[in-house]
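Student: Could you take me closely through one part of this protein, namely the empty space enclosed inside it and the helices that pack around that region? I would like one connected account rather than a list.

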Amino acid sequence: MNSPWKGKAKATNQDYDDLRPTITYRHLLSNNLGVRDPLRVVALCDSDAFYAACERIRLELDPSVPIVVQQWESLIAVSYPAREFGISRMDKIKDAKKKCPNLLAVHVATYKEGEKEPGYWTDIDTRTHKVSLDLYRRESNKIISMFKEALPTGEVEKASIDEAFIDFTRPVREQLLERYPYIAQVPVDAPNGIDSPLPPPPPIKWDDLGTVILPEEIDSAGEQSNIEVDGDATWHDVALSIAAELMRKIREDIHSKLGYTTSAGIARNKFLAKLCASYKKPNSQTILRNRAIPDYLHPLPFQKIRFLGGKLGDALAKEYDVSTVGDLLTVSLDEIQSKFGENALWVYEFLRGIDRTEVKEKSALFKSMLASKNLPKPIIQPSDGHQWIRILAAELALRLNDARVSMPTLWPKSIVLHARKGYETSRSKQATFPFVRNVTVDVIATAADKLWKDLTDDAKTVNITSVQLAFTGLEKTEMGQKSIEGFFTTRDVQQTSLKRSREDDEPLVSPEKTLPTSSYVEAVSFKCTRCRKTIALREDQATGGPNEVAQRLATLRSEHGDFHFAQDLAHSTDGSVPVPRGSSSKRKKVESEGIAKFFIKK
């Protein structure tokens, strides 16, 4: 059979040699498991019809009930039983009910004035209510937590509210060494020592692991789900099979404990894992073996691949008069780079199933939280804005309190209010957000009302069509700062403060209070996450009230960040470096040519 990689252009062995790499003891025993590791295994796990599943579980419905989730007049989720009636998210609710008379339509929860939490109301109106996705965020976090608990040595990257990438490379490596101890040490007679190839792998039982994709020459359907033993396996296939076992167990646990079904794709990198995750939905998993990659990619319309659609996809299709991945394989690397710049290398590699993107856990620490509302009916009188302030404040209060359950020391530096008239540039006002013991709607709304008054400037009419309320500068406080509540160190003081009638609205520490000795060292220093050094205030800077000290520490942190930025700039080869968060320096755009221009927002 001729290789599907070959086309009009000259093909090289590099196009497909890495599909069956020679795996050595060095590869197996190395602790540096990077994106080029030949035993790398990545999965993408996607929750099936997630919003609809959340509502079904909330309502304790049978999984066979056809259900859709509604936002105003549009559908944002359609369960699989409802899809059997031909219902899609493009349908209007009245058309969906014609297709399925027994359809259950659930409107997403909404915030309304006077309520501290979102609810499911009968009088939903876009003019008085705001959509809430809080239920789905919470359920998503439960699933992510189960991934992490099941794979303490793996890496989990939340890709969206209903899907996550999982790097199985290290957990699989641990299983390989445990199951096959004869490869855990280099044989004394190995011809090339640690660089000697591993012995042939054992046969693999693929049954019950999911749908296994194979080259078309083996199975006309392109899949292998009923062959129990595969004697032509590679060690990467063994790694895939172990990852499939682990993934199946996690998916079963999620279903039994939370009630959600999921679908997963398992392959050698993120790009391929995502591509095959939807191959056999719902409630399934698909394994893409290396040797099947060429045949699997060859017929795919390349513009349906993430990053290869939009303006870039249109340009590629027009330039080469092509539509599938196979068509584009006829274009050499030199040709693509001559037309689209040196950075087009990743396009060339994607087409060949190569993706060097890391699976990287995103920090749970949010830098900001935003609640916004595009108003169907503009705010004309300034006094009418306060109802929306309270609704947005309720959302921020709920989200901040939820986040502080797992991060008790999380606190925003500022509260910001944005308002826009039509398509004009929005105006904004901000203020420092005071520390209080309990975050309530009243506390946030009071701070926001002051900003609203400053923003409207006592105008008689305002004609505002969009309002946004945000927390910015969200950080976990330092060890000493986090115990700002700990400044009340004695039980008597704590009990007294709990009895104060206005405890929810007043700052816990007034500027004139001084730091107790036990918290002093931690409150005047921080540990840099880059250089791992402890940076401390000078003795003359570490005196005064806690608010003053905290401000000086924040300034010191910013200055230390700028120091690292200057170092990065000095070591940069092209004069551009990423700008650290919080730095006042701005990264200048140094290149807008080549492939980058297809991703620039105008």
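Tutor: A cavity here is a set of points on a 1 Å grid where a 1.4 Å probe fits but cannot get out, and the space is the volume filled by probe spheres set on those points. The model is a predicted one, and by this rule it holds two cavities of 30 Å³ or more. The largest cavity encloses about 70 Å³ of space. Its lining is made up of 13 residues, and those nearest the centre are Ser47, Ile143, Ile161, Asp162 and Glu163. Two or more lining residues are supplied by each of β1, α5 (134-150) and β8, and α5 has the largest share, with four residues. Sorted by class, the lining of the largest cavity consists of seven nonpolar, four polar and two charged residues.

Since α5 contributes in this way to the lining, its packing against other helices is a natural next step. One partner is helix α2 (residues 50-58), whose axis comes within 10 Å of that of α5 and crosses it at roughly 95°; angles from 65 to 115 degrees count as roughly perpendicular, and α2 and α5 are therefore roughly perpendicular to each other. On the α2 side the contact involves Phe50, Tyr51, Cys54, Glu55 and Arg58, which meet Leu135, Tyr136, Glu139, Ser140 and Ile143 of α5. Six nonpolar, one polar and three charged residues make up this contact of α2 with α5. Ile143 thus appears in the contact with α2 and also among the residues nearest the centre of the largest cavity.

Another partner of α5 is helix α7 (residues 235-258), and here the two axes lie 10 Å apart at an angle of about 140°, which makes α5 oblique to α7. The crossing of α5 with α7 is right-handed. From α5 the contact draws on Lys142, Ile143, Met146, Phe147 and Ala150, while α7 brings Met247, Ile250, Asp253, Ile254, Lys257 and Leu258. The residues of the contact of α5 with α7 fall into eight nonpolar, no polar and three charged. Ile143 is again one of the residues involved, now facing α7.

The elements β1 and β8, which help to line the largest cavity, also take part in an open space, the second largest pocket, where β1 (42-47), β7 (155-160), β8 (163-167) and α8 (270-277) each supply at least two lining residues. This second largest pocket has a volume of about 430 Å³. It is lined by 21 residues, and the closest to its centre are Phe165, Lys270, Phe271, Lys274 and Arg306. Of the contributing elements, α8 gives the most to this lining, with five residues. The classes in the lining of the second largest pocket are nine nonpolar, two polar and ten charged residues.

To put the cavity and its surroundings together, α5 gives four residues to the lining of the largest cavity, crosses α2 at roughly 95° and packs against α7 at an angle of about 140°, while β1 and β8 each give two or more residues to the lining of that cavity and at least two to the lining of the second largest pocket.

Technical notes: Residues are numbered from 1 along each chain as its sequence is written. This is a predicted model: local features need pLDDT of at least 70, side-chain atom pairs count only at pLDDT 80 or more; totals for chains, interfaces and linings use all residues. Side-chain values use heavy atoms; hydrogens and water are left out. On a 1 Å grid over the protein atoms alone, a cavity is a set of points where a 1.4 Å probe fits but cannot get out, and a pocket is an open set with protein on both sides within 12 Å along at least five of seven lines; lining residues have an atom within 4 Å of a point. Ala, Val, Leu, Ile, Met, Phe, Trp, Tyr, Cys and Pro count as nonpolar, Asp, Glu, Lys and Arg as charged, and the others, Gly among them, as polar. Axes are lines fitted to C-alpha atoms, for helices over the stretch in contact, and angles run from 0 to 180 degrees between N-to-C directions. Angles under 35 degrees count as roughly parallel, over 145 as roughly antiparallel, 65 to 115 as roughly perpendicular and the rest as oblique. A crossing is left-handed if the near helix is turned anticlockwise from the far one by less than a right angle, and right-handed if clockwise. Contact means heavy atoms within 4.5 Å.
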